[in-house]
Amino acid sequence: MTMINSTIAGKELFWFNNTLVAIRLSSAEGEDGICVVEHRMPHGDSPPLHVHRHQDEVFHVLEGQLRFRIDGHDQIAGPGEIIIAPKGLPHTYRVESQDGARTLTITRGSDFETMLRQTSRPAQQPQLPPLSEPTPQMIGALVRICAENGIDIVGPPLS
(Lines give C-alpha, C1' and ligand atoms only; values in the text may rest on other atoms or scores of the structure.)
Protein backbone atom coordinates (compact mmCIF):
# COMPACT_ATOMS: atom_id res chain seq x y z
CA MET A 1 0.00 0.00 0.00
CA THR A 2 1.40 3.37 -0.95
CA MET A 3 0.34 6.94 -0.50
CA ILE A 4 0.73 8.44 -3.97
CA ASN A 5 2.55 11.78 -4.18
CA SER A 6 -0.39 13.39 -6.01
CA THR A 7 -2.62 12.47 -3.06
CA ILE A 8 -0.53 14.55 -0.71
CA ALA A 9 1.14 17.11 -2.97
CA GLY A 10 1.27 20.52 -1.35
CA LYS A 11 0.17 19.27 2.06
CA GLU A 12 2.10 19.31 5.32
CA LEU A 13 3.56 15.87 6.01
CA PHE A 14 4.63 14.64 9.43
CA TRP A 15 5.96 11.47 10.97
CA PHE A 16 3.87 10.85 14.08
CA ASN A 17 5.49 7.95 15.93
CA ASN A 18 5.53 5.15 13.29
CA THR A 19 2.89 6.74 11.03
CA LEU A 20 2.72 9.23 8.17
CA VAL A 21 0.31 12.12 8.67
CA ALA A 22 -0.86 14.67 6.09
CA ILE A 23 -2.82 17.68 7.30
CA ARG A 24 -5.45 17.77 4.53
CA LEU A 25 -7.50 20.58 6.11
CA SER A 26 -6.25 22.61 9.07
CA SER A 27 -8.70 23.65 11.77
CA ALA A 28 -7.57 27.25 11.10
CA GLU A 29 -8.84 27.18 7.49
CA GLY A 30 -12.58 27.44 8.20
CA GLU A 31 -14.85 29.11 10.70
CA ASP A 32 -16.09 25.81 12.17
CA GLY A 33 -12.58 24.58 12.98
CA ILE A 34 -12.90 21.29 11.09
CA CYS A 35 -9.61 19.38 10.79
CA VAL A 36 -9.05 16.52 8.32
CA VAL A 37 -5.91 14.43 8.68
CA GLU A 38 -4.88 11.66 6.30
CA HIS A 39 -3.15 8.97 8.32
CA ARG A 40 -1.08 6.06 6.96
CA MET A 41 -0.28 3.39 9.53
CA PRO A 42 1.72 0.15 9.48
CA HIS A 43 0.37 -3.25 10.49
CA GLY A 44 0.02 -3.52 14.26
CA ASP A 45 -0.01 0.23 14.90
CA SER A 46 -2.10 1.13 17.94
CA PRO A 47 -2.17 4.37 19.91
CA PRO A 48 -2.60 4.21 23.68
CA LEU A 49 -6.17 4.09 24.97
CA HIS A 50 -7.17 7.74 25.24
CA VAL A 51 -10.06 10.17 25.76
CA HIS A 52 -10.69 13.41 23.90
CA ARG A 53 -12.22 15.88 26.36
CA HIS A 54 -13.47 18.44 23.82
CA GLN A 55 -14.03 16.79 20.45
CA ASP A 56 -15.40 13.70 18.77
CA GLU A 57 -12.94 11.80 16.58
CA VAL A 58 -14.31 10.45 13.30
CA PHE A 59 -12.39 7.83 11.30
CA HIS A 60 -13.14 7.20 7.61
CA VAL A 61 -11.27 4.05 6.60
CA LEU A 62 -9.80 4.39 3.11
CA GLU A 63 -7.61 1.27 2.95
CA GLY A 64 -6.96 -1.71 5.18
CA GLN A 65 -8.72 -3.09 8.20
CA LEU A 66 -8.71 -1.76 11.76
CA ARG A 67 -10.04 -3.06 15.05
CA PHE A 68 -11.52 -0.19 17.05
CA ARG A 69 -12.16 -0.33 20.79
CA ILE A 70 -14.55 2.38 21.96
CA ASP A 71 -15.77 2.42 25.55
CA GLY A 72 -14.78 -1.24 25.94
CA HIS A 73 -16.55 -2.48 22.77
CA ASP A 74 -14.62 -3.81 19.76
CA GLN A 75 -15.59 -3.52 16.12
CA ILE A 76 -13.76 -4.17 12.86
CA ALA A 77 -13.89 -1.56 10.08
CA GLY A 78 -12.67 -1.69 6.50
CA PRO A 79 -12.61 0.53 3.42
CA GLY A 80 -15.57 2.89 3.14
CA GLU A 81 -16.65 2.48 6.75
CA ILE A 82 -16.89 5.38 9.18
CA ILE A 83 -16.39 5.05 12.94
CA ILE A 84 -17.02 7.74 15.54
CA ALA A 85 -15.27 7.88 18.90
CA PRO A 86 -17.42 10.34 20.87
CA LYS A 87 -15.67 12.81 23.13
CA GLY A 88 -15.42 11.60 26.69
CA LEU A 89 -15.25 7.88 25.78
CA PRO A 90 -11.96 5.93 25.94
CA HIS A 91 -10.91 4.60 22.56
CA THR A 92 -8.07 3.21 20.51
CA TYR A 93 -7.59 1.06 17.41
CA ARG A 94 -5.18 -1.48 15.99
CA VAL A 95 -4.24 -1.91 12.33
CA GLU A 96 -5.05 -5.54 11.52
CA SER A 97 -4.29 -5.67 7.78
CA GLN A 98 -0.80 -6.88 6.87
CA ASP A 99 -0.30 -4.07 4.35
CA GLY A 100 -1.21 -1.39 6.89
CA ALA A 101 -4.11 1.04 6.70
CA ARG A 102 -5.02 4.53 5.61
CA THR A 103 -7.72 6.68 7.17
CA LEU A 104 -9.07 10.18 7.23
CA THR A 105 -9.39 11.41 10.80
CA ILE A 106 -11.85 14.27 11.25
CA THR A 107 -12.16 16.46 14.34
CA ARG A 108 -13.57 19.87 15.22
CA GLY A 109 -11.34 22.34 17.01
CA SER A 110 -7.58 22.49 17.20
CA ASP A 111 -6.77 20.06 20.05
CA PHE A 112 -5.95 17.00 17.91
CA GLU A 113 -4.15 18.96 15.20
CA THR A 114 -2.07 20.92 17.72
CA MET A 115 -1.09 17.71 19.51
CA LEU A 116 -0.01 16.17 16.19
CA ARG A 117 2.07 19.21 15.29
CA GLN A 118 3.74 19.30 18.72
CA THR A 119 4.60 15.59 18.88
CA SER A 120 5.52 14.92 15.23
CA ARG A 121 8.53 15.69 13.13
CA PRO A 122 8.50 16.82 9.47
CA ALA A 123 8.41 13.79 7.16
CA GLN A 124 11.58 13.53 5.12
CA GLN A 125 9.70 11.69 2.37
CA PRO A 126 6.06 10.76 1.68
CA GLN A 127 6.27 7.27 3.17
CA LEU A 128 6.19 5.62 6.57
CA PRO A 129 9.13 6.41 8.83
CA PRO A 130 11.57 3.71 9.92
CA LEU A 131 9.92 1.64 12.69
CA SER A 132 11.06 2.45 16.19
CA GLU A 133 9.99 1.68 19.74
CA PRO A 134 9.04 4.70 21.87
CA THR A 135 11.42 5.51 24.70
CA PRO A 136 10.16 6.34 28.21
CA GLN A 137 11.01 9.99 27.47
CA MET A 138 8.93 9.93 24.28
CA ILE A 139 5.98 8.37 26.13
CA GLY A 140 6.24 10.95 28.90
CA ALA A 141 6.31 13.81 26.39
CA LEU A 142 3.30 12.36 24.52
CA VAL A 143 1.28 12.02 27.73
CA ARG A 144 2.11 15.61 28.75
CA ILE A 145 1.43 17.17 25.34
CA CYS A 146 -1.80 15.23 24.93
CA ALA A 147 -3.02 16.43 28.33
CA GLU A 148 -2.16 20.02 27.39
CA ASN A 149 -4.40 19.58 24.31
CA GLY A 150 -7.48 18.03 25.93
CA ILE A 151 -6.51 14.38 25.34
CA ASP A 152 -5.97 12.05 28.29
CA ILE A 153 -3.98 8.81 27.97
CA VAL A 154 -5.88 6.27 30.07
CA GLY A 155 -4.44 2.90 29.09
CA PRO A 156 -2.12 0.90 26.85
CA PRO A 157 -2.37 0.28 23.10
CA LEU A 158 -4.19 -2.81 21.81
CA SER A 159 -2.02 -5.86 21.36
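How many residues apart are Arg144 and Glu148 in helix H3? They sit four residues apart, so about one helical turn separates the two. Keep in mind that this is a predicted model. In it, Arg144 and Glu148 form a salt bridge, with 3.2 Å between the closest N and O atoms. As for how open the pair is, Arg144 is partly exposed, with a relative accessible area of 46%, while Glu148 comes in at 52% and counts as exposed, because the cut-off for that label is over 50%.

That pair is just one of eleven salt bridges found in a search of the whole structure. Let's move over to the strands for another. Arg67 pairs up with Glu96, and here the closest N and O atoms are 3.0 Å apart. This time the partners come from distant parts of the chain, 29 residues apart. Arg67 belongs to strand S6 (residues 66–70), whereas Glu96 lies in the loop between strand S9 (91–95) and strand S10 (101–108).

Glu96 has a second partner to look at: its side chain also meets that of Arg94 in a salt bridge, at 3.1 Å from N to O. So what is the relative accessibility of Arg94? The value is 16%, so Arg94 counts as buried. Arg67, at 17%, counts as buried too, because the label applies under 20%. Glu96 has a relative accessible area of 25%, so this residue is partly exposed.

If you colour these residues in your viewer, add two others. Arg67, Arg69, Asp74, Arg94 and Glu96 are joined into one network by salt bridges that share partners.

Now back to the helices. Two packed helices are described by the angle between their axes and the distance between the axes. Take helix H2 (residues 111–119) and helix H3 (residues 136–148): their axes come within 9 Å and cross at roughly 150 degrees. Angles over 145 degrees count as roughly antiparallel, and H2 and H3 are therefore roughly antiparallel to each other. The crossing of H2 past H3 is right-handed.

Which residues of H2 and H3 make the contact? On the H2 side they are Met115, Gln118 and Thr119, and H3 contributes Leu142, Ile145 and Cys146. Sorted by class, the contact has four nonpolar residues and two polar ones, with no charged residues. Arg144 and Glu148, the H3 pair we started with, have their own link in the form of that salt bridge.

Note on methods: Residues are numbered from 1 along each chain as its sequence is written. This is a predicted model: local features need pLDDT of at least 70, side-chain atom pairs count only at pLDDT 80 or more; totals for chains, interfaces and linings use all residues. Side-chain values use heavy atoms; hydrogens and water are left out. Axes are lines fitted to C-alpha atoms, for helices over the stretch in contact, and angles run from 0 to 180 degrees between N-to-C directions. Angles under 35 degrees count as roughly parallel, over 145 as roughly antiparallel, 65 to 115 as roughly perpendicular and the rest as oblique. A crossing is left-handed if the near helix is turned anticlockwise from the far one by less than a right angle, and right-handed if clockwise. Contact means heavy atoms within 4.5 Å. Ala, Val, Leu, Ile, Met, Phe, Trp, Tyr, Cys and Pro count as nonpolar, Asp, Glu, Lys and Arg as charged, and the others, Gly among them, as polar. A salt bridge is a side-chain nitrogen of Lys or Arg within 4 Å of a carboxyl oxygen of Asp or Glu. Buried means under 20% relative accessible area, exposed over 50%, partly exposed in between (1.4 Å probe, protein chains only).
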